[in-house]
Amino acid sequence: MTGGPMLTLLSKATRSTVDWDGLSRRILDQSAQPCWVVDRDLVTIGVNPALCAMLGYRAGELVGTHLLAYVADDSRGILERQASLRDLTPHRSYDVTLMRSDGTPLRVIFNESRLEGDPDPDGGAAPGSCIFVTDITRRHEEEEQRALRVDQLADTVARMNRFLGQICQELKDPLSAILGATQMISSDVACDLADGGQGQGTARLGAYAALCSDAGRQMMRTIENLSLWSRLQLNQVPLDLRAYELGGLLQDVLEELEPRARARDILIVNRIFATPVLGDLSALNTVLKHLIENAVRFSPSGSIVMLSATLADGRVTVRVQDNGLGIPEELQPYLFRIDLHHAAPGADGEVGSGLGLLICRALVERMGGGIRIYSKPGGGTAVTVTLTQGV
């Protein structure tokens with residue numbers, strides 16, 4: 001929209017002279033902020049030089065013309081609604097888009113106040129309004145750019161997570177084949193030794209196969225964690241909350257972890273039995289496995305990992321306590337942050353991805369619970385998970 005052609009189509013209305021009070025005149029003469037005075041029909045009565053400079057018009061071009069001549073089409077409805085509220089609300093503030101004489105849009109705030117003057121002989125209402133205009137074009141553009149960047153970032157993160165999920169799936173298949181091959185080698189070596197084979201080459205082959213198998217399992221755990229984490233970020237992990245008996249779930253988890261604990265001479269003491277909780281079966285298994293596996297990894301040989309639970313006020317608090325070295329105080333604030341890598345080596349030197357606690361927190365929170373860590377360097381670590389008691 002350009003100012004010139006618009007003004008040629010709008011004839012200046014002949015208005016009766018309004019006796020504005022001295023305050024309104026002083027506002028126009030003295031205000032450094034762009035100011036617009038209009039009558040009840042939104043016809044311009046007065047403007048100050050700051051408004052003329054903002055819009056690129058002379059005062060004579062503005063006075064006597066309708067305010068809607070300078071408002072963008074998408075703001076006309078806003079202005080008309082605000083005008084209808086004039087007699088109900090004497091002071092209002094709202095955003096509109098104005099058009100300069102060169103067609104440039106300006107995003108502004110109208111701070112409008114009803115003028116108190118000689119009443120209209122027909123309606124007895126106030127004669128018009130004084131509108132102070134604040135240019136927020138730059139701020140509006142910055143907010144739009146910020147919103148656009150947020151949307152772009154969210155889209156980028158979503159695409160990265162989808163890509164990560166695809167990579168994890170593509171890595172799992174060949175790694176599964178490698179693990180299968182190393183298992184077959186180990187089985188063949190065991191059979192050969194059982195049949196009396198004493199060659200050093202056979203023994204070394206078995207040791208190499210065991211190393212490959214351990215490394216492969218560690219890689220598989222990392223890939224599975226990455227895959228689960230990416231699906232959690234994309235909200236692609238549906239949960240089916242039901243009541244489960246926690247003691248029964250723990251038996252399956254402990255059977256899987258017992259061989260590793262026994263190999264490091266670590267005793268897992270389970271004091272959780274008939275404890276019903278509300279949760280998702282897969283999520284509960286994942287959380288319990290991660291927490292107990294971490295406790296075993298960071299516990300010194302010959303120590304105890306204690307599992308316990310308490311019920312209070314309809315909530316179940318599960319506690320996993322180890323007697324490891326504890327977590328340094330400077331690392332504790334960052335345990336649930338993904339932007340800083342804080343994974344420490346376990347008692348046998350194995351280093352995790354650091355995703356385990358993040359996955360546990362995400363799953364626990366989606367089950368309506370919370371997770372906390374209590375640790376003292378040299379005094380072990382306790383992780384508590386609080387969930388709703390099952391019925």
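Which residue in S4 stands opposite leucine 98? The residue is leucine 106, and the hairpin that holds this pairing is a convenient place to enter the structure. The coordinates are those of a predicted model, in which local features need pLDDT of at least 70 and side-chain atom pairs count only at pLDDT 80 or more, while totals for chains, interfaces and linings use all residues. Residues are numbered from 1 along each chain as its sequence is written, and side-chain values use heavy atoms, with hydrogens and water left out.

The secondary structure of the chain comes to ten helices and twelve strands, where helices (H or I, at least four residues) and strands (E, at least two) are DSSP runs numbered from the N terminus. Of its 391 residues, 38% count as buried, a label that means under 20% relative accessible area, with exposed standing for over 50% and partly exposed for what lies in between (1.4 Å probe, protein chains only). If a contact is taken as heavy atoms within 4.5 Å, then among contacts between residues at least 6 apart in sequence, 64% join residues at least 24 apart.

Strand S3 (residues 91-99) and strand S4 (residues 105-115) run antiparallel and are joined by nine bridges; two strands are said to pair if DSSP finds at least two bridges between them. Their hairpin has five residues between the strands, and glycine 103 takes a positive phi near 85 degrees there. S4 is also joined to strand S5 (residues 128-135), again in an antiparallel arrangement, by eight bridges, and within S5 the bridge partner of phenylalanine 110 is valine 133.

Phenylalanine 110 leads on to the aromatic side chains, since Trp36, Tyr57, Tyr70, Tyr94 and Phe110 form one aromatic cluster. Rings of Phe, Tyr and Trp (its six-membered ring) pair if their centres lie within 6.5 Å, and planes under 30 degrees apart count as stacked, over 60 as edge-to-face and the rest as tilted. By this rule the count comes to four aromatic pairs. One of them joins tryptophan 36 and tyrosine 70 in a tilted arrangement, 5.7 Å centre to centre and with 50 degrees between the planes. This pair links distant parts of the chain, as tryptophan 36 lies in strand S1 (residues 35-39) and tyrosine 70 in the loop between helix H4 (59-62) and helix H5 (76-84), 34 residues apart. Tryptophan 36 counts as buried because its relative accessibility is 0%, and tyrosine 70 is buried with a relative accessible area of 1%. Tyrosine 57 and tyrosine 70 form an edge-to-face pair, 5.3 Å centre to centre and with 70 degrees between the planes. Tyrosine 57 lies in the loop between helix H3 (49-55) and H4, and tyrosine 70 in the loop between H4 and H5, so this pair ties together parts that are 13 residues apart in sequence.

Threonine 44, in strand S2 (residues 44-47), counts as buried because its relative accessibility is 2%. Leaving aside its neighbours within four places in sequence, threonine 44 is in contact with Trp36, Val37, Val38, Leu62, Val63, Gly64 and Thr65. In the loop between S1 and S2 lies leucine 42, whose phi is near 70 degrees, a positive value in a residue other than glycine; at 8% relative accessibility, leucine 42 counts as buried.

Helix H8 offers a check on geometry. The expected span of a helix is 1.5 Å times one less than its number of residues, so the 18 residues of H8 (residues 246-263) should span 26 Å, and the end C-alpha atoms are indeed 26 Å apart. A kink of about 45 degrees nevertheless lies at leucine 257, shortly before proline 259, the bend at a residue being the angle between axes fitted to the seven residues ending there and the seven starting there. The buried residues of H8 include Leu246, Leu250, Val253, Leu257 and Ala261, and what covers the buried residues of H8 includes helix H9 (281-297) and strand S9 (304-312).

Leucine 311 is found in S9 and counts as partly exposed, at 42% relative accessibility. The C-alpha atoms of leucine 311 and glutamine 389 are separated by 7.6 Å, although the two are 78 residues apart along the chain. In the loop between S9 and S10, aspartate 313 also has a positive phi, near 55 degrees, and aspartate 313 is exposed, with a relative accessible area of 81%.
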